[in-house]
Every structure is written in structure tokens, then in C-alpha cells.
Amino acid sequence: IVDITERKLAEKELSKRLIYEHLITEVSNFALKTNNLSQFLQETIKRIGNYLNVSRVHLYEYDQKTNTVSNTFEWVNGVSKKQDKLQQVHFKAVAKLSRQIKSGKVVNIPDVDKLPLTERKFLQALKIKSLLVIPLYNRDGFLGFISINQCKEQRSWSQADVELLCSLARIISEVIESKKSANKVKVSEKIRKDLIDSSPLGIYSINKQGIIDFFNPAMLKMAGAKKPEEVIGLNALTLPNYQKAGLTKYFVDGLKGQPFVKNGIRYTSHTAGKTTIRNYSGVPIKNENGIVERLMLTVEDVTEKIEAEQKLKKEQEFTKNILEKAGVPVLALNSLGELLFANEYFLKITGYQKEEINNWQKIWKNILPSPMVRTKLEERYHQFKNGKNIQDLVIPLRCKNGSSLIVVCNVTPLFENNK
């Protein structure tokens, strides 16, 4: 027996980090493509909500003259909207929390019920069980904040969640400041400097002739280059490594105005000779006349993720083989009662095909039709619901040919994300 707990945790953290980096890249790319600030902010809080799987995301703007905040953008998931009730809310309503937010500190509250009475009443009226608040600042001071609400259950926010939102808050603050600037050229250059240069993913651009004219630090590291001069000036359309990887045709189409996404590219760096698996996306950058000036490329190194997935697949196959050769009948169902696995031994002794027992309803009807058996299982169900095994339960199974088998049944709950 090999304890793979640490490896599993590491794989989970790696997967989560890659997801978060992908979100940051999506938001950064969207900021480059749109001049509509409202559209950018609404889409960004929607992406935050979906990635974090929360109940509600609010973006509040601060009015310095009245010392109030107003909910200007809202995204909800399975809960009621509260935006209309959250206009010109005075900071006195949550004085202690407001001081913390205005000082630039993150507010991380896993359990709202433990707050002082004033703050607790205010948040409970919004049906909030857990709260995460990230302040928004620019060079002029406090702008407002992002409020992340969990309303259905309590949630302990991880450091990775907080770091992600702090990164996104800096991007949002920068975009708010930039989009309100009258000079669009300076806005584009500032976004490029502050967002692209600091992105954790590789970003570079090629001009209309295919010449590489920009490499961000993350892309330099991925390429194994020590200085920008090693890659800037090369023609991406004629590099043999790009041609071998099948990327050249996408670069050509991109310079004609066709965006693209190409995942799972196995690429060997022309500078370091290192082979990695990458996801590429290309966004044509157009001038104000609609003519493509260059192609902006985003590159994500997914080598570790792919390797982790391959290891997980092998382990799943290994587990499946063990269950197939266990010498006892085995059934596995998910929390919705859908069949995940039935080994050949189970199918052989009962005579059923998988499609005849692929959910609880069919299992009750075909294999466990006896009311006595159902009653016996329901009596023991509370053990299973509380996460305990059901052991040595003697029950009859009805086979497809009408005969019965008396078996000793053991039921084991399996957990994922504590559920």
C-alpha cells in the first residue's frame, strides 16, 4: 500500500493554480479587447463567480463625498438579487468592517454568525453565511471593493482564493483608471505594461510581417531565454519549430483577423530545446480603422497538468482493474444515484446488462424489488448518510432469470471535496 495523499493534494493545488492563472489571462485579454468599462466589469465578476463557484459577487463603488458605497454590478448563482437594496449604503452600518476595507485589508469571514451584532444583522439580512471582501485602490485612493458571498453553506477561503482575487482587484482597478482616461493610446500601453508584463502566463506579439516584437517575462522563462534580444526580431512565420508544431498556419490566419485557440501543442523551444505541452490562443489587435496591426499570443504551459491527469488516469485504471479482479460483485454509484461502475462478476452472477441497472430506480425495480429489503436498507441508511460504512447486511438479490441470490452487502461512502 502506497500513501498518495500528498501527491493528490499537490495535483489538486496545481490544477487549481492553473485554473486561476487561466482566469487572470482571460480577464487581461478581455480588458485588451473591449473599450466598454461596464461590459468589462460585469463580465469579470461573472467569471469570478463561475470560477469560484459562489452564490453572489458584487462590485461596490465608493462615494467619498457621502462616505457611502453603491452596488453597481451584481452576479448571482441560485440566490436572489440584492442590487436595488444596496445603493448609497452608509459605512456606519458596518463600521468595523468598513475601517478594515478602507485601510486596504482583505476581509475574510468563514462564519458570519460569529461577527458582532451590528455586522451580523446586516449580512444575515442578505442571507450571507461566508464573506470575502477585496478592496479596490488606484493612485487616487480607495475606489470600492469586490464582495464575494456564499449563501448556501459556510466556506473557508483559501490563501489561493485570496491571492487570485487580489490579483484580479489590481487588474480591475487598473482597467477602471485606464478606461476612464481620455488618451486611448496611453491606455493600451499602460494595460500592456501593467497587465501583460505581470501576467503569470506567457504573452508575446508578432507584427504584420510575423516578426516577434514583444515577449513578457513569463514567456521568456517558458522559452528558456535569458534576454528579450534572443527572441525579439525573429520571424515566427519561418521558425522551423513553429512549423513542425503546426502553429504557423494559425499565425497567418490570426494576422488576417481570425482569432484562434489551439490546445495540447507539443512544442520544443528553439532557444533552450526544452519540450513542453502548451495551450495557445491568438487575438488579432486592430487599429481604429479595423486593420490588424499585430497578433497577441497567450501561451499556457500545461505540461505538469497533463502529466498529473495522465497519472490520475493510470491510477483510476489501476483501481478499476483491482475491482474487476476482486472476486466479489461490485457496484459504484454517484450521489445522484447514477451507475458509475459495475464489475463483470456482478453482471455475470445477476445476468443484467449495465443499461438495465444504470440508476437507483432500475436497481430497486430489477435487483431489489422486495419491500422488506428496502425497509432494511432504509433502516441502515442513516449510517451511510453520516459517512459510516454499512457492513454485513444480508439481503437477497433478484437475478434477471428470476432466481435469487443471498449476499452479504457492504456499502462504503466515497468523498470528494468533503462531500
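1. Disulfides. The structure holds 0 disulfides, a disulfide being a pair of cysteine sulfur atoms within 2.5 Å. This is a predicted model, in which local features need pLDDT of at least 70, side-chain atom pairs count only at pLDDT 80 or more, and totals for chains, interfaces and linings use all residues. Residues are numbered from 1 along each chain as its sequence is written, and side-chain values use heavy atoms, with hydrogens and water left out.

2. Cysteines. For Cys 409, the closest cysteine sulfur is that of Cys 399, at 15 Å, which is too far for a bond. Cys 409 is buried, at 18% relative accessible area, whereas Cys 166 is partly exposed at 22% (buried is under 20% relative accessible area, exposed over 50%, partly exposed in between; 1.4 Å probe, protein chains only).

3. Main core. The largest nonpolar core (buried Ala, Val, Leu, Ile, Met, Phe, Trp, Tyr and Cys residues joined through side-chain atoms within 4.5 Å) has 33 residues. Among those with the most contacts inside it are Phe 40, Val 57 and Ile 172. The largest share, 9 residues, comes from α5 (helices are DSSP runs of H or I, at least four residues, and strands runs of E, at least two, numbered from the N terminus). Outside four places in sequence, the contacts of Val 57 (heavy atoms within 4.5 Å) include Ile 45, Phe 73, Trp 75 and Ile 148.

4. Second core. A separate core of 26 residues includes Phe 215, Ala 225, Leu 255 and Leu 295.

5. Ile 203. This residue lies in strand β7 (residues 202–207) and is buried at 1% relative accessibility. Beyond four places in sequence, Ile 203 contacts residues including Phe 215, Met 219 and Leu 297. Its C-alpha atom is 29 Å from that of Trp 75, 128 residues away along the chain.
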